[in-house]
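Subject: The structure we talked about

Hi,

Here is the structure I promised to pass on. Have a look at it first, and then read on for what I found in it.

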Amino acid sequence: MTDGRLEMPESPSASEAGLDRVRGWIEAAQRIVELTGAGISTESGIPDFRGPQGVWTKNPMAEKLSNIRHYMSDPEVRKASWKARLDHPAWMARPNAGHLALAALEKRGKLHVLITQNIDELHQVAGNSPEKIIEVHGTARKVVCMACSSTAPMQQALDRVRAGEDDPPCRDCGGILKSATISFGQPLVPEVIDRALRSAAEADMFLAIGTSLQVYPIASAVQIAGAAGARIVILNAEETPFDAMADAVIRHPIGAMLPQLLGL
């Protein structure tokens, strides 16, 4: 413990006393807000972006496919993006024990809001209610037309790619289609971010799970929750800029640790 902060680095077994303390906070909480990042989905086989085995770490050119300027201006980037989407690991991924634990927390009536930076919809598949989930970076399971804003299931567009269209246009207006996600250089949706930050201010406990907390403005949700008096618990493999203000910092595999923390 440092300056009153509970720290549990990865070890064969976490401090049972420390786990009991965090469990007690969770049991007492009534408005838990969760912020999840790529780290919760890596155990489902979906690589993160910046980690040692991350998509951009292993293939720096992949970052270009996520840049809205390149995507909109270069047909070859779009063709490469559609080809990559065909084999995206999200289509075969299933929720892991971490996702299922968060769904179980909602069933206990303690979940206020689940804010996620992920685009895989595994929280919905695990059983969390869509109305409780704020997807700050959108979803990969839908496509959107960049001209007329119409949307459709991603699998319909992928079926067209499999049938031979290497850059399928919008069937309504002929515009450029892309996944309904926020690409680099693309503005976030103000209403979505506002709702996420308002929810953080309403929390009596804030769990940051599998996120580096380096992407703003959503990382500021930690400060907002803390300023409102919420307990802050960070469960992440690596250090984050907010570890010093957290009430507990836990460095254990998410799928193994979350069920223990939530008493499952």
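Two strands are said to pair if DSSP finds at least two bridges between them. Please keep in mind that this is a predicted model.

With that in hand, let me start with the parallel strands. Strand β2 (residues 32-36) pairs with β3 in the parallel sense, and 5 bridges link the two. One place to look is L35, whose bridge partner in β3 is I115. Strand β3 covers residues 111-116 and is mostly covered, with 5 of its 6 residues buried. β3 is also joined to strand β4 (residues 133-135) by 3 bridges, and these two run parallel. Here T116 has E135 as its bridge partner in β4.

Next, the antiparallel part. In which order do the strands of the open sheet of 3 strands come? The order is β6-β5-β7, and the pairing is antiparallel. The edge strands are β6 (151-153) and β7 (177-181), each of which pairs on one side only. On average, neighbouring strands of this sheet are turned by 45° against each other, direction ignored.

Strand β5 (residues 138-145) meets β7 in the antiparallel sense over 5 bridges. If you want to trace that pairing on screen, G138 stands opposite T181 in β7, V144 has K178 as its bridge partner, and C145 stands opposite L177. Towards β6, strand β5 makes 3 bridges, again antiparallel, and V143 is partnered there with A152. β5 and β6 form a hairpin with 5 residues between them, and S149 in the turn has a positive phi of about 70°.

How much of these strands is covered? β5 is mostly covered, with 6 of its 8 residues buried, and β7 is mostly covered too, with 4 of its 5 residues buried. Helix α8 (residues 154-162) packs on the sheet and touches β5, β6 and β7. The direction of α8 makes about 75° with that of β6.

Now to helix α5, which I enjoyed looking at. It has 12 residues (residues 75-86), and at 1.5 Å a residue they should span 16 Å; the end C-alpha atoms are 17 Å apart, which agrees. Which residues of α5 are buried? They are V77, R78, S81, W82 and R85. Seen down the axis of α5, these buried residues fall within an arc of 135°, so they line one face of the helix. As a general point, an α-helix has 3.6 residues a turn, so residues three or four places apart point the same way. The face of α5 turned away from its buried side carries the exposed residues E76 and K83.

At the start of α5, a side-chain oxygen of D74 reaches to within 2.9 Å of the backbone nitrogen of E76. S81 is a good residue to zoom in on within helix α5. Its relative accessible area is 5%, and buried means under 20%, so S81 counts as buried. Leaving aside neighbours within four places in sequence, S81 is in contact with L65 and Y71.

One more residue for you: I254, in helix α11 (residues 254-261). Is I254 buried or exposed? With 7% relative accessibility, I254 counts as buried. Not counting residues up to four places away in sequence, I254 touches G39, I40, E43, G98, I209, G210, L235 and P259. The C-alpha atoms of I254 and A237 are separated by 8.5 Å, and these two residues are 17 residues apart along the chain.

If you only have a few minutes with the model, I would open two views. One is the β6-β5-β7 sheet with its antiparallel pairing, where helix α8 packs on the sheet. The other is helix α5, with V77, R78, S81, W82 and R85 among the residues to show as buried and with E76 and K83 exposed on the face turned away from them.

Best wishes

Definitions and conventions. Residues numbered from 1 in each chain as written. Predicted model: local features only at pLDDT ≥ 70, side-chain atom pairs only at ≥ 80, totals over all residues. Heavy atoms only, no water. Expected span 1.5 Å × (residues − 1). Buried < 20%, exposed > 50% of the residue type's maximum accessible area, 1.4 Å probe, protein only. Arc of directions from axis to C-beta. Polar contact = N/O pair within 3.5 Å; in protein donor to acceptor, adjacent residues only side chain to side chain. Contact = heavy atoms within 4.5 Å. Axes fitted to C-alpha atoms, helices over the stretch in contact; angles between N-to-C directions.
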